[in-house]
Amino acid sequence: MKGMKDQYIFEYLDENDFRKKERSVRKYNMLAYKKLEFEFYPELRNGNFLGEKISEDKERCTASYELKLPTDERSALVHGEIRLYYTVYYNKKIILLTNFKPEELLDEGHRTELKAYKGVMISKENAKRDMFKVNLVNMLENK
């Protein structure tokens, strides 16, 4: 077990916005949320940076990462994978939690109750588009 001073601390680009999306992940994808809370966050705090490094700034001693969270296959095909974005400040021992994607769906999921169509969450604002995508995925799966 590492000492507390060896651990990274979390900070937020916009904590309110981040927490709203995090609550949407908890509400609509409990598996992803549990992985995040009990596996991914502790690993990150211990300095094990998970996911794909998407950029690096050697001068500032930072790196940005994208971490895919468990997403069921159908939802991923309709809305894309659920992803966490964060930046590590190595010298300061800080992890800046920046965002989740799909942003629009998670934002809307926080503001209003999302409905499911054939087992996939659908946006109220883009219900026709989302239902079309779900039907298309179903058609392709049944071929």
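# A guided tour from Thr98 outward

Begin by selecting Thr98, which is found in strand β5, residues 94-101. Please keep in mind throughout that this is a predicted model. Display the side chain of Thr98 and follow it to the backbone oxygen of Tyr85, which it reaches at 2.9 Å. Next, show the surroundings of Thr98. Leaving out residues up to four places away in sequence, Thr98 touches Leu13, Phe18, Tyr85, Tyr86 and Thr87.

**The partner strand**

Select strand β4, residues 82-89, together with β5. The two strands pair in the antiparallel sense, and 7 bridges join them. Which residue of β5 stands opposite Thr87? Colour Leu96 to see the answer, for Leu96 is the residue that faces Thr87 across the pair.

**The whole sheet**

Now extend the selection to the sheet to which these strands belong. It is an open sheet of 5 strands, and its order is β1-β5-β4-β3-β2. The pairing within the sheet is mixed. Which strands lie at the edges? They are β1, residues 9-12, and β2, each of which pairs on one side only. Viewed with direction ignored, neighbouring strands of the sheet are turned against each other by 25 degrees on average.

**The hairpin at one edge**

Select residues 52-57, which are strand β2, and residues 62-69, which are strand β3. This pair is antiparallel and is formed over 5 bridges. Within the pair, place Lys53 and Tyr65 in view: Lys53 stands opposite Tyr65, a residue of β3. Then move to the turn of the hairpin, where 4 residues lie between the strands. Select Cys61 there and examine its backbone, since Cys61 takes a positive phi near 60 degrees.

**A helix on the sheet**

Return to β5 and add helix α1, which covers residues 15-28. Helix α1 packs on the sheet and touches β1, β4 and β5. The direction of α1 makes about 55 degrees with that of β5.

**Two helices together**

Add helix α2, residues 30-45, to the view. Two packed helices are described by the angle between their axes and the distance between those axes. For α1 and α2, the axes come within 5 Å and cross at roughly 120 degrees. The two helices are therefore oblique to each other. To see the contact itself, show Phe18, Glu22, Val25, Arg26 and Tyr28 on α1. On α2, show Met30, Ala32, Tyr33, Leu36, Glu37 and Tyr41. Of the residues in this contact, 8 are nonpolar and 3 are charged, while no polar residue takes part.

**The loop between the helices**

Select Asn29, whose place is in the loop between α1 and α2. Is Asn29 buried or exposed? Its relative accessibility is 14%, and Asn29 therefore counts as buried, the limit for that class being under 20%. A polar atom of the Asn29 side chain lies 3.0 Å from the backbone nitrogen of Ala32. When neighbours within four places in sequence are set aside, Asn29 is in contact with Ser24, Pro70, Thr71 and Ile82.

**The complete chain**

Finally, display the whole protein. There are 5 helices and 7 strands, and from the N terminus on they run β-α-α-β-β-α-β-β-α-β-β-α. Of the 143 residues, 39% are buried. Among contacts with a separation of 6 or more, 52% join residues 24 or more positions apart.

Methods. Residues numbered from 1 in each chain as written. Predicted model: local features only at pLDDT ≥ 70, side-chain atom pairs only at ≥ 80, totals over all residues. Heavy atoms only, no water. Pairing = 2+ DSSP bridges. Axes fitted to C-alpha atoms, helices over the stretch in contact; angles between N-to-C directions. Parallel < 35°, antiparallel > 145°, perpendicular 65-115°, else oblique. Contact = heavy atoms within 4.5 Å. Nonpolar A, V, L, I, M, F, W, Y, C, P; charged D, E, K, R; others polar. Polar contact = N/O pair within 3.5 Å; in protein donor to acceptor, adjacent residues only side chain to side chain. Buried < 20%, exposed > 50% of the residue type's maximum accessible area, 1.4 Å probe, protein only.
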